[in-house]
Amino acid sequence: MLKPLLSLTGGLITTMALGIAQAAPLSQEDVSVAEVLRDRALESSDAYSIVESLTVEVGPRRTGTEGDERAVAWAQDKMKAFGFDRVYTEQIEVPRWIRGHAHAEVISPFPQPLVVSSLGYGAATPEGGLTAEIIEFPDVQALLKAPASQVKGKIAFINKRMERARTGDGYGPAAQGRKLGMRAAAEKGAVAMLLRSVGTDSDRFAHTGMMSVDNVENPVPALALSAPDANLLEAMLQRGKPVQVKLDVETERLSDGPSFNVIGEITGREKPEEVMIIGAHLDSWDEGTGALDDGAGVAIVMETARLIAELPQRPRRTLRVVLFGAEEIGLVGAKQYVEAHVKELDNIIAVSESDFGAGKVWRFDTRLPESKFDIADQMMQLLAPLGIERGNNESYGGPDSSVFVARGVPAFGLYQDGTDYFDYHHTPNDTLDKVDPENLRQNVAAWVVMSFLTTEMEGDLGRVPTASE
């Protein structure tokens, strides 16, 4: 297994040099092969060409659209070309929606246009549009607490700023407005909802995204405002005069239809029934080309598998790449995958997902039984030279992976620097020029270490407690 690779490194690294004891759970030979794979990824991996191909040849791929169909065909062709042992799809049922136009303008007291984007699966205005007074709320909690009499007949404006953070921790609090705002506005009799975009930029781009729309009796139009336009409305309201806004929105909800999870496998040589899943999501929003969200993740996990497929022999277990469908509208592909394979979950030894852009990986988190920490410690011997630090044992592995973790599947998390990720997230600015090829190589180097050692190790990773345990 190792001999054909030694020419790449000039010889075998000794146990003492790696600082790993002979009795460690991962063999010295496996660690040495992982080191070679890591260095190969840094020198010659070409994940960038994969994300370039996806964004140029497919482009936007919102769930249930022709772009989604093209992406499914593209992914299968790429996996076959990369030498995967098995490539297949599994159909999922997805809600579908047409984004038409969305226009907004201040009518009084200071007439001027606003830059907006319809939030996912939102409703249309009546023909000819609607005009109403703005009522401002600092966050969705304030809207939820407001009396209906204060909101009825008005446009609810949720003006919650998102805080920038390397970890992206500001996203959750700000995204609550997008998730719950339209529902709250509709229940209180508002005619529409405007939301300060869930993002950290100051560009005049609006950030789209999914809302909670199920079982809303009378859904109302819901639009994201660019940050400068949210600032503009805020400044107008501070002048103490009623602000009237006109909205003209065209959208259409369609019947549910098919999409697909696309799956490729490197089949294990000894225990093919035992599987590590590494994933990304194939769908994207339609405003940009989905280069960061999640074209980069697609490229990282596909290139990781391609490098492992080039080894002289297959790893001990199966490495399964799952490109999940319909993540953007509620983890639909992942949820339906788990439902379809619930009897096989005990054979999934670990799961991880790349879905946080194209920044460098800086932290390695896990969700493992404490008795298995030594495996993660050995992995860190090879990850540390990449500038990666050890994190915590609270990883959920990524959005789609969280569905598996909830069932007790162990997880790894290679977390990227997300300082500027939410400048571009869900906007027309999510394009290929934001992807740095060198950063992708560092990502692949980390992923190939984690993925190879997990599929090749002698033992397993056990199970982790679920929320119900």
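These legends walk through a few close-up views of a predicted model.

**View 1. Helix H4 meets helix H15.**
Here you're looking at H4 (residues 47-57) packed against H15 (residues 437-456). The two helices cross at an angle of about 115°, and their axes sit 8 Å apart. On the H4 side, the contact comes from Ala 47, Tyr 48 and Val 51; H15 chips in with Pro 437, Leu 440 and Val 444. Sort these residues by class and you get six nonpolar, no polar and no charged ones.

**View 2. Leu 386, a loop residue.**
Leu 386 is part of the loop that links helix H12 (373-383) to strand S13 (389-390). Is Leu 386 buried or exposed? It counts as buried, because its relative accessible area is 12%, and the cut-off for buried is under 20%. Skip its neighbours within four places in sequence, and Leu 386 still touches Arg 38, Leu 42, Gln 442, Ala 445 and Ala 446. Leu 440, from the H4 contact in View 1, is 54 residues away from Leu 386 along the chain, with 12 Å between their C-alpha atoms.

**View 3. Leu 383 and the largest nonpolar core.**
This core has 112 residues. Leu 383 is one of those with the most contacts inside it, a group that also includes Trp 74, Met 182 and Phe 412. Which helix gives the most to this core? That's H10 (residues 291-309), with twelve residues. Now zoom in on Leu 383: leaving out neighbours within four places in sequence, it contacts Phe 364, Ile 388, Leu 414, Ala 446 and Val 449.

**View 4. Another core.**
Apart from the largest core lies another one, made of 20 residues. Ala 104, Val 106, Val 116 and Leu 223 are among them.

Technical notes:
Residues numbered from 1 in each chain as written. Predicted model: local features only at pLDDT ≥ 70, side-chain atom pairs only at ≥ 80, totals over all residues. Heavy atoms only, no water. Axes fitted to C-alpha atoms, helices over the stretch in contact; angles between N-to-C directions. Helix = DSSP H or I, 4+ residues; strand = E, 2+ residues; numbered from the N terminus. Contact = heavy atoms within 4.5 Å. Nonpolar A, V, L, I, M, F, W, Y, C, P; charged D, E, K, R; others polar. Buried < 20%, exposed > 50% of the residue type's maximum accessible area, 1.4 Å probe, protein only. Core = buried A, V, L, I, M, F, W, Y, C linked by side-chain atoms within 4.5 Å.
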